[in-house]
Amino acid sequence: MKRLIFLIMLVAAAAVLFVQSASINADEGVSPGGDILYTKPVKSVVFSHRLHVEDKGLSCDMCHSGLFDASALRAQEKGDFTMESLYKGKYCGACHDGKTAFASNTQCARCHIGVKGFNAAQKGGNGPGMDLQGPKDAIAIGAGDSAVRFSHWSHTKSIKCDGCHSELFPMKRGKTTITMGAIYQGKFCGACHNGKRAFPVGDCAKCHKIMPAPKEDLVYKVKDLSPVRFSHQFHRNLFGCKDCHSKPFAMKQTPGRMNMDAINSGKYCGACHNGKKAFSAAECTKCHIDSKS
Ligand code: HEC
Ligand code: HEC
Ligand code: HEC
Ligand code: HEC
Ligand code: HEC
Ligand code: HEC
Ligand code: HEC
Ligand code: HEC
Ligand code: HEC
């Protein structure tokens, strides 16, 4: 019974809202107050960043990690931006479920401001909108030697927020682990820093003020034998970068450059792994190991 009354209500409201939306053909978009005004399928529903972020204290990534793109009115281009979806917990319904916030099947008019509300918002708005420019100062990504400073300002001159959020990065610092391996594969910064859209990954110093040592072991596959594993994290506690770079090692992993003959004659690893400075090159299984614990 309750359900039936609700359904009738919904149909009635739909009729009114549709008639209203058919009769007016004004601009769509963002009000001078910074509110987002939806006009499809019905005119109009209001969403306020200021209310949700400043008054209610919700963090950007609560909405911008999958629920909504960082681009106004994107949702209404999708066919399923309807009450049905909201009731299923999508879009606004993720919170407007009667627990986190008032339920989507109550207080229709708080979201549906209609044509009158739309016109009022288009004219005056309610003061300046929220600043949605992203962090003004460069932000630090990661910690320690590998940390990189990232400037929103220099990127948002030519790239819109949704060029990066939230497909490449969440709208919150420190939630993802970014590795060079992933960047080389075209993820994270590597989606653009590939020498086509922006300078290539090889220009290490443009991103890294300090050159970081790899966190993961360098692994060299060897035919019919366990792979060689070289740990920077271990060796860098005993030596400075200069002890190894750029002699005897170039600062780029190059499988096949080294071999046992060279090592046994004191080159590469053999400069130390000679039984004096460190264990000798005869102890095969200390370097050729399947995995380390
Ligand atoms: C309660 C949910 C919610 C929160 C919290 C939230 N947003 Fe949004 N944001 C939205 C919605 C909804 C849209 C419109 C998306 C659409 O229509 O598809 C939007 C759009 C945007 C846009 C695009 C605006 C434009 O004019 O194109 C930016 C930029 C943005 N948000 C940044 C932020 C930032 C920065 C924060 C944190 C300070 C934040 N948002 C917090 C829901 C939210
Ligand atoms: C991340 C959770 C979240 C999402 C997503 C969200 N809201 Fe809200 N909203 C809230 C909370 C929390 C409140 C304040 C609690 C309440 O009033 O029940 C609120 C309050 C409101 C209000 C009341 C404003 C007033 O007059 O006090 C409106 C209108 C509203 N939301 C519209 C929307 C619309 C439209 C969407 C989708 C485009 C949306 N919200 C998405 C959490 C959310
Ligand atoms: C939390 C905010 C919110 C509340 C509360 C809400 N709506 Fe909606 N409604 C939306 C959004 C967002 C859309 C899609 C955007 C648009 O149509 O402008 C929408 C669209 C609609 C539509 C057109 C799409 C469809 O589902 O057929 C109807 C009809 C509708 N609402 C009726 C209602 C009625 C009736 C109520 C109260 C029982 C209600 N709404 C309460 C946010 C809300
Ligand atoms: C070129 C890519 C790029 C663009 C474009 C971009 N951002 Fe970001 N944004 C990032 C990265 C990277 C982070 C940090 C993510 C991490 O640490 O994992 C970030 C983080 C954020 C944060 C969280 C900051 C914090 O302290 O937690 C907000 C808010 C944000 N961005 C908003 C925006 C807004 C608004 C826009 C559009 C005006 C925008 N971003 C455009 C890449 C971008
Ligand atoms: C959506 C594409 C895109 C992504 C993702 C991106 N960049 Fe950029 N970046 C650019 C473009 C375009 C330029 C300007 C052209 C150039 O310098 O080659 C640029 C310039 C830069 C610059 C030089 C300007 C400055 O700020 O000093 C640095 C440094 C930089 N990016 C670092 C990063 C880092 C670090 C990341 C990942 C956290 C990242 N970028 C992600 C597109 C991107
Ligand atoms: C476009 C920007 C950019 C360029 C260019 C770049 N890096 Fe990175 N690098 C990053 C970011 C972002 C991180 C993640 C920072 C963190 O979480 O500590 C990172 C992390 C690292 C790390 C630590 C994580 C890991 O994968 O071991 C190393 C080592 C590293 N970079 C080395 C390099 C070297 C060597 C080059 C040049 C061949 C280079 N980077 C070029 C952005 C860049
Ligand atoms: C004990 C010797 C040793 C020390 C000390 C050392 N490295 Fe390396 N490093 C290597 C070797 C071996 C390679 C791989 C060379 C090859 O394959 O030809 C390498 C490669 C690298 C690479 C390239 C990684 C890649 O994926 O291409 C970077 C970056 C690097 N080192 C940075 C550093 C930094 C920064 C320090 C100081 C904090 C440091 N290294 C200290 C031995 C060392
Ligand atoms: C500058 C001297 C130096 C160079 C060059 C060097 N090592 Fe070492 N290495 C050491 C010392 C010192 C130890 C610790 C003492 C010991 O275990 O005998 C060590 C320990 C190790 C260990 C055991 C600790 C661990 O990481 O689990 C391995 C494996 C290893 N080295 C592999 C290599 C490989 C492979 C190379 C060449 C790519 C190499 N080392 C180059 C000095 C060096
Ligand atoms: C100090 C570390 C270390 C020790 C100990 C070591 N190796 Fe190696 N081994 C390497 C490195 C580094 C490579 C070169 C991997 C590359 O560049 O692809 C290599 C490559 C090889 C290769 C392929 C290239 C070639 O020279 O033919 C064979 C076979 C090999 N090792 C056998 C052995 C045997 C057998 C022992 C024990 C007698 C041994 N290794 C001990 C580090 C070591």
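Me: Ala, Val, Leu, Ile, Met, Phe, Trp, Tyr, Cys and Pro count as nonpolar, Asp, Glu, Lys and Arg as charged, and the others, Gly among them, as polar. How many residues of each class does the shell around ligand 4 have?

Reply: This is a predicted model: local features need pLDDT of at least 70, side-chain atom pairs pLDDT 80 or more, while totals for chains, interfaces and linings use all residues. Residues are numbered from 1 along each chain as its sequence is written, chains are lettered from A and ligands numbered from 1 in written order, and side-chain values use heavy atoms, without hydrogens and water. Around ligand 4 there are 23 residues (a heavy atom within 4 Å). By class they come to 12 nonpolar, 8 polar and 3 charged.

Me: Good start! Which helix gives the most to the shell around ligand 4?

Reply: Two elements supply at least two residues each, strand S4 (139-141) and helix H7 (152-156) (DSSP runs, at least four residues for a helix and two for a strand). His152, where H7 begins, is among the closest residues to the ligand. With 3 residues, the top contributor is H7.

Me: Which residue has a side-chain N or O atom 2.8 Å from a nitrogen atom of ligand 4?

Reply: Let's set the backbone partners aside. Arg173 has a backbone N or O atom 2.8 Å from an oxygen atom of ligand 4, and Gly174 has one at 3.3 Å from an oxygen atom of the ligand (polar contacts are N or O pairs within 3.5 Å). The side-chain partner of the nitrogen atom is His165.

Me: Now ligand 6: which helix gives the most to its shell?

Reply: Ligand 6 has 24 residues around it, with Ser146, Met180, Cys204, Cys207 and His208 the closest. Met180 places a polar backbone atom 2.9 Å from an oxygen atom of the ligand, while the side chain of His208 has an N or O atom 2.8 Å from a nitrogen atom. Helices H8 (180-184) and H9 (204-207) each give two or more residues. The one that gives the most, with 3 residues, is H8.

Me: And for ligand 8, which residue has a backbone N or O atom 2.9 Å from an oxygen atom of the ligand?

Reply: The closest of its 17 surrounding residues are His235, Cys269, Cys272, His273 and Phe279. His235 and His273 each have a polar side-chain atom 2.8 Å from a nitrogen atom of ligand 8. The backbone partner of the oxygen atom is Phe279.

Me: Which residue in the turn of the S6 and S7 hairpin has a positive phi?

Reply: S6 (residues 218-222) and S7 pair in the antiparallel sense over 4 bridges, and pairing takes at least two. Leu218 stands opposite Phe230 in S7. The hairpin has 2 residues between its strands, and the one with a phi of about 60 degrees is Asp224.

Me: Last one: how many residues make up the largest nonpolar core?

Reply: A core joins buried nonpolar residues other than Pro (under 20% relative accessible area) through side-chain atoms within 4.5 Å. Among the members are Ile36, Tyr38, Phe68, Ala75, Phe81, Leu86 and Tyr91; Tyr91 is in contact with Phe68, Ala75, Phe81 and Leu86, among others (heavy atoms within 4.5 Å). A second, separate core of 6 residues includes Cys164, Ala182, Phe188 and Val201. The largest core has a residue count of 10.

Conventions:
A polar contact is a pair of N or O atoms within 3.5 Å; within protein, one must be able to donate a hydrogen and the other to accept it, and residues adjacent in sequence count only if both atoms are side-chain atoms. Buried means under 20% relative accessible area, exposed over 50%, partly exposed in between (1.4 Å probe, protein chains only). Lists of a residue's contacts leave out its neighbours within four places in sequence.
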